[in-house]
Amino acid sequence: MDRLALLVVLAFSLGSNAAVAADRDSTANLAGEYRMQGRGLGPDDSPYDGTCALSGEGPTYDVSCYNRQTQHTYSGRGLASGDALAIFIGDYLRGDHNTVFTGEYLVLYRRHADGVLEGTWTEAQGRAVGKETLTPKR
């Protein structure tokens, strides 16, 4: 099993459909617009900022984030459980064979009482890691 698959299994290990149904009842609705701020933890990494939108009713969410520095939109899916949200996010490549999703990052967030999501991310194909905060727009 490759490293990314292992990370996804660990992040999403809920066990059963009953656990997912229970989480739906105990998890706050995370849908909404957020301000994104983050930074890779490498010595040459620069901070980045932008916006993120989460849509859905939980426990699963569609995710779309725009990074102002790269002027790029990243899309993905998320799964919430209690005060945790894990998302698998990446790019869409457009080519000869329709649109292909290339998941690039796994992010694990912890929700604070004020609704702020504080997360840590890793690259699917590399060793880069970073921190990211999503602050609800009010």
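# Exercises on a predicted β-rich chain

The chain has an accessible surface of about 8300 Å², and 50% of that area belongs to carbon and sulfur atoms (Shrake-Rupley method, 1.4 Å probe; for residues, only the protein chains shown count as cover). You are looking at a predicted model, where local features need pLDDT of at least 70, side-chain atom pairs count only at pLDDT 80 or more, and totals for chains, interfaces and linings use all residues. Residues are numbered from 1 along each chain as its sequence is written, and side-chain values use heavy atoms, with hydrogens and water left out.

## Exercise 1: the layout

Work out how many helices and strands the chain has, and in which pattern they follow along the sequence.

Solution.
- Step 1. Helices (H or I, at least four residues) and strands (E, at least two) are DSSP runs, numbered from the N terminus.
- Step 2. By that reading there are two helices and eight strands.
- Step 3. Along the sequence the pattern reads α-α-β-β-β-β-β-β-β-β.
- Step 4. Now for burial: buried means under 20% relative accessible area, exposed over 50%, and partly exposed in between (1.4 Å probe, protein chains only). Of the 138 residues in the chain, 33% are buried.
- Step 5. Contact means heavy atoms within 4.5 Å. Take the contacts between residues at least 6 apart in sequence: 35% of them join residues at least 24 apart.

## Exercise 2: the aromatic cluster

Find which residues form one aromatic cluster, and explain how the rings are arranged.

Solution.
- Step 1. A pair of aromatic rings is described by the distance of the centres and the angle of the planes.
- Step 2. Rings of Phe, Tyr and Trp (its six-membered ring) pair if their centres lie within 6.5 Å; planes under 30 degrees apart count as stacked, over 60 as edge-to-face and the rest as tilted. This rule gives two aromatic pairs.
- Step 3. Tyr-74 and Tyr-105 have ring centres 6.3 Å apart and planes at 80°, so they are edge-to-face. Because Tyr-74 sits in strand β4 (residues 72–81) and Tyr-105 in strand β6 (residues 98–111), their pair ties together parts that are 31 residues apart in sequence.
- Step 4. Tyr-105 also pairs with Trp-121, again edge-to-face, at 5.5 Å centre to centre and 80° between the planes. Here strand β6 supplies Tyr-105 and strand β7 (residues 117–123) supplies Trp-121, so the pair ties together parts 16 residues apart in sequence.
- Step 5. Put together, Tyr-74, Tyr-105 and Trp-121 make one aromatic cluster. Tyr-74 is buried at 16% relative accessible area, and Trp-121 is buried at 11%.

## Exercise 3: the nonpolar core

Identify which members of the largest nonpolar core touch the most other members.

Solution.
- Step 1. A nonpolar core is a set of buried Ala, Val, Leu, Ile, Met, Phe, Trp, Tyr and Cys residues joined through side-chain atoms within 4.5 Å.
- Step 2. The largest such core holds 19 residues, and Leu-30, Leu-54, Leu-85 and Leu-117 touch the most other members.
- Step 3. At least two residues of this core come from each of β1 (32–40), β2 (47–55), β3 (60–67), β4, β5 (84–95), β6 and β7.
- Step 4. Zoom in on Leu-117: beyond its neighbours within four places in sequence, its contacts include Leu-30, Leu-54, Leu-85 and Arg-110.

## Exercise 4: the salt bridges

Determine how many salt bridges there are, and which parts of the chain they tie together.

Solution.
- Step 1. Side chains of opposite charge can pair when their charged atoms come close.
- Step 2. A salt bridge is a side-chain nitrogen of Lys or Arg within 4 Å of a carboxyl oxygen of Asp or Glu. The count is three.
- Step 3. Arg-68 bridges to Asp-49, with the closest N and O atoms 2.9 Å apart. Arg-68 is in the loop between β3 and β4 and Asp-49 in strand β2, so parts 19 residues apart in sequence are tied together.
- Step 4. Arg-77 bridges to Asp-62, with the closest N and O atoms 2.6 Å apart. Arg-77 is in strand β4 and Asp-62 in strand β3, 15 residues apart.
- Step 5. Arg-110 and Asp-83 meet in a salt bridge at 2.6 Å, N to O. Since Arg-110 lies in strand β6 and Asp-83 in the loop between β4 and β5, this pair ties together parts 27 residues apart in sequence.
- Step 6. Check the burial of this last pair: Arg-110 is partly exposed at 41%, and Asp-83 is partly exposed at 38%.
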